[in-house]
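Reader: I should like to learn how to read the main features of a model such as this one. Please take me through them in turn.

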Protein chains: 2
Amino acid sequence: MLKSLYKKTLVAAVVMVTSVNVFAADKVYRLKLAESWGPNFPVFGDSVKNMVKMAEEMSNGRLKIRVDSANKHKSAFGVFDMVKSGQYDMGHSASYYYKGKVPNTLYFTTMPFGMTAMEQYAWFQYGGGQELMDEVYAPHNLVAFPGGNTGVQMGGWFRKEINNLDDLKNLKMRIPGFAGEVLAKLGATPVNIPPGELYTALERNTIDALEWVGPSLDLRMGFHKIAPFYYMGWHEPATELMFIINKKKLDSLPADLQAILKVAMHKASYDMYVQSYASSAENWAEMTSEFPDIKVKTFPAEVLTAMKKANDEILSEKAASDEMAAKIIKSQQDYLKLVRVWTDISEFGYIQSTKE
Amino acid sequence: MLKSLYKKTLVAAVVMVTSVNVFAADKVYRLKLAESWGPNFPVFGDSVKNMVKMAEEMSNGRLKIRVDSANKHKSAFGVFDMVKSGQYDMGHSASYYYKGKVPNTLYFTTMPFGMTAMEQYAWFQYGGGQELMDEVYAPHNLVAFPGGNTGVQMGGWFRKEINNLDDLKNLKMRIPGFAGEVLAKLGATPVNIPPGELYTALERNTIDALEWVGPSLDLRMGFHKIAPFYYMGWHEPATELMFIINKKKLDSLPADLQAILKVAMHKASYDMYVQSYASSAENWAEMTSEFPDIKVKTFPAEVLTAMKKANDEILSEKAASDEMAAKIIKSQQDYLKLVRVWTDISEFGYIQSTKE
């Protein structure tokens, strides 16, 4: 009997201790992520899937992230608020979507005539960009990180060629946000139209032009079939999406899982830039083989100069009325000045000098 | 007494079970990494430190990687062999260092007149590059991954200007490897000189020119003080270092640690490209503020055309004599053709069209 008592005690102890250990080392942390995109959205959505997969594999299943697309949570542009309130733990969106709510979120996606993706990554990591982003998001109990770059976005699809500034007057163009403000200053009429209605609007001349992303996402929209002029980009040279996390939630995770999450987000952001690059090249080849008459154009110099001037004016107004905006704009402009000299003699200079 | 017996049993059981659990979930895996660089080598060595730190943090200390610099293992160019034999588990080096041993390792660092860093990352991930690299390294029980990009390397420091092809005749230049072969075809004399003797050799006209990396690493070498002409790059547009692992060792790690190691290496490679970019910009500003007379030059068109022709000839010879080389060269050339069209209308086109 004494022996049997020993055994029972031993079994009980083993069970107890094992379960304690399971709790400590193998506890599963479940996070909910809201993305601004529809389900299976190419490239953008792939960045989220990539991050979730890495986090789960590296944590040996201790970090499980459920992704809700905009079709589920019904609030594509409410990601900021839902993560702030804790309704979701994380989000995948774009910082500039929230400029109506927190004006200085504008600066952490891309700026017209601003940095390219590599220049901007350098600014985030070595030019004080991440720290400024932290400063803007901290009052909202949020931490935001780069979430994937599209590379240079194209200037858009135009049904008619733009030969001078006059051709912009009364031009109805789908071009939302800051770039729309710039074009409005030059007499154009920026309009916003839901993505699903864009093709028809362009086809029926409800609008004269539109910008979307670039070949990586434009191919499936089909604009190349109805608008022969594809203008090179000026307004979004390095659109960087963002991962956003509820800070309290992030801080509550064990240190190793915090590290895993941060590395997974960061790597997913780079990976998306590579994917955008590859898929732009592939889709562009497909578009031009099907429609060899697409004409790639740069805007005339007088148009670009006027856009740049309008852009500088708007930035000056913003800097004059908001100290933090002034600080961010100065940081970006100073860094661009420093880094572009290098781009000119490296990536740009190499391609230019080795052209046949 | 019975109560005391209970307690002792309980304690013994707890101790036993705890130690079993420590062994299973918290076993520490210690890896040894040999790098081709000296201790605290800027940028290149930082990439290794960055990877090691991420791996340790994400694994909660279960993955500990000891790094031996070349000063310790005394075999900067023996990393391939030491990892193959298992003397080291991992290495950080450059693939093209081993072309004397395994000729087709040449193609996985950078190629003259080849892809830029983003184009090459796209090729590695979406153009079959990683698979080809796997094929070359597998027979040696090795797996190799991208290990950090320098961006475009500068064409080098020249004491005299290069105005035509004749100026290359008998030019003594430190330029090792494949690019040296190209220049030799044009009548130059490529020489190899240990890094520590380069400055003096250039100063005393033992050599007429040399290439090193770019501002990120050239600044501390001081060449800008004695050679006024800094030529833009043609020969290494996207030098990608590599992490290399003993395959048997990698396969023996638990799945989560394998995932952690792969993600850490991959992210460290991107991070190094960003660091190279930032530090090139900063160091270039420092050099030119101290020596405002440095002249940045492109080689004359006739020189670039002749270099390109010599390069194509050497590649044709390699392709003709080795089936695998032919396959890799074709893959790179096809991908470059596909992706450069996109670079031209995105990153390159944007910078060109928005220049003031």
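Author: We shall take the single chain, then the contact between chains, then salt bridges, and finally two local sites. Please keep in mind throughout that this is a predicted model.

Reader: What is the secondary structure of chain A, and what box do its C-alpha atoms fill?

Author: An overview begins with elements and dimensions. Chain A comes to 14 helices and 11 strands. Along the principal axes, its C-alpha atoms fill a box of roughly 100 × 45 × 45 Å.

Reader: How should I read burial and contacts in chain A, and what percentage of its residues is buried?

Author: Burial is read from relative accessible area, with under 20% counting as buried. Of the 356 residues in chain A, 58% are buried. The exposed area of chain A is about 14400 Å², and carbon and sulfur atoms supply 55% of it. As for contacts in chain A with a separation of 6 or more, 77% of them join residues 24 or more positions apart.

Reader: Turning to the interface, how many residues does each chain give to the contact, and what area is buried?

Author: One reads an interface through its residues, its area and its chemistry. Chain A gives 73 residues and chain B gives 73 residues. The buried area between the two chains is about 7100 Å², with carbon and sulfur atoms giving 74%. Tyr277(A), Trp342(A) and Tyr350(A) supply 13% of the area that chain A buries against chain B, more than any other three residues.

Reader: How many polar contacts and salt bridges lie between chain A and chain B?

Author: There are 12 residue pairs in polar contact, both residues being at pLDDT 80 or more. Two salt bridges are counted between the chains. In a salt bridge between the chains, the side chain of Asp344(A) meets that of Lys355(B), at 2.7 Å from N to O.

Reader: Which elements give two or more residues to the side of chain A that touches chain B?

Author: The elements of chain A that do so include helix 1 (2–25), helix 2 (44–58), helix 5 (117–126), helix 12 (301–321) and helix 13 (323–345). Helix 11 of chain A gives the largest share, 18 residues. By residue class, this side of chain A divides into 42 nonpolar, 19 polar and 12 charged residues.

Reader: How are salt bridges to be understood in general, and how many are found over all chains?

Author: Side chains of opposite charge can pair when their charged atoms come close. Over all chains, the search finds 40 salt bridges. Some form networks: Lys185(A), Lys309(A), Glu313(A) and Glu317(A) are linked in this way.

Reader: For the salt bridge between Asp68(B) and Arg66(B), is Asp68(B) buried or exposed?

Author: The two side chains meet at 2.8 Å, N to O. Asp68(B) is buried, at a relative accessible area of 5%, whereas Arg66(B) is partly exposed at 43%.

Reader: Where do Asp312(B) and Lys308(B) lie in chain B, and how many residues apart are they?

Author: Position along a helix is the feature to read here. Asp312(B) and Lys308(B) are in helix 12 (residues 301–321) of chain B, and because they are four residues apart they are separated by about one helical turn. Their side chains form a salt bridge of 3.3 Å, N to O. Asp312(B) is partly exposed at 31%, and Lys308(B) is partly exposed at 22%.

Reader: What are the positions of Glu313(B) and Lys309(B) in chain B?

Author: Both lie in helix 12 of chain B, four residues apart, about one turn of the helix. A salt bridge of 3.3 Å, N to O, joins their side chains. Glu313(B) is partly exposed, with 30% relative accessibility, while Lys309(B) is exposed, at 53%.

Reader: Why is helix 5 of chain A described as largely enclosed by the rest of the structure?

Author: Enclosure is judged by counting buried residues. Eight of the 10 residues of helix 5 of chain A are buried, and therefore the helix is largely enclosed. Among the buried residues are Met118(A), Tyr121(A), Trp123(A) and Phe124(A). The buried residues pack against elements including helix 6 (129–137) and strand 4 (142–149) of chain A, and also against helix 11 (255–290) of chain B. After helix 5 of chain A comes Gly128(A), with a positive phi near 90 degrees.

Reader: Where is Gln153(B) placed, and which residues does Gln153(B) touch?

Author: A loop residue is read from its place, its burial and its neighbours. Gln153(B) is in the loop between strand 4 (142–149) and strand 5 (156–158) of chain B, and Gln153(B) is buried at 4%. Its side chain makes a polar contact of 3.3 Å with the side chain of Thr150(B). Leaving aside residues up to four places away in sequence, Gln153(B) touches residues including Glu211(B), Trp212(B), His235(B) and Thr239(B).

Methods:
Residues are numbered from 1 along each chain as its sequence is written. Chains are lettered from A and ligands numbered from 1 in the order in which they are written. This is a predicted model: local features need pLDDT of at least 70, side-chain atom pairs count only at pLDDT 80 or more; totals for chains, interfaces and linings use all residues. Side-chain values use heavy atoms; hydrogens and water are left out. Contact means heavy atoms within 4.5 Å. Buried area is the accessible area (1.4 Å probe) that two parts lose on being put together, summed over both. A salt bridge is a side-chain nitrogen of Lys or Arg within 4 Å of a carboxyl oxygen of Asp or Glu. A polar contact is a pair of N or O atoms within 3.5 Å; within protein, one must be able to donate a hydrogen and the other to accept it, and residues adjacent in sequence count only if both atoms are side-chain atoms. Ala, Val, Leu, Ile, Met, Phe, Trp, Tyr, Cys and Pro count as nonpolar, Asp, Glu, Lys and Arg as charged, and the others, Gly among them, as polar. Buried means under 20% relative accessible area, exposed over 50%, partly exposed in between (1.4 Å probe, protein chains only). Accessible areas come from the Shrake-Rupley method with a 1.4 Å probe; for residues, only the protein chains shown count as cover.
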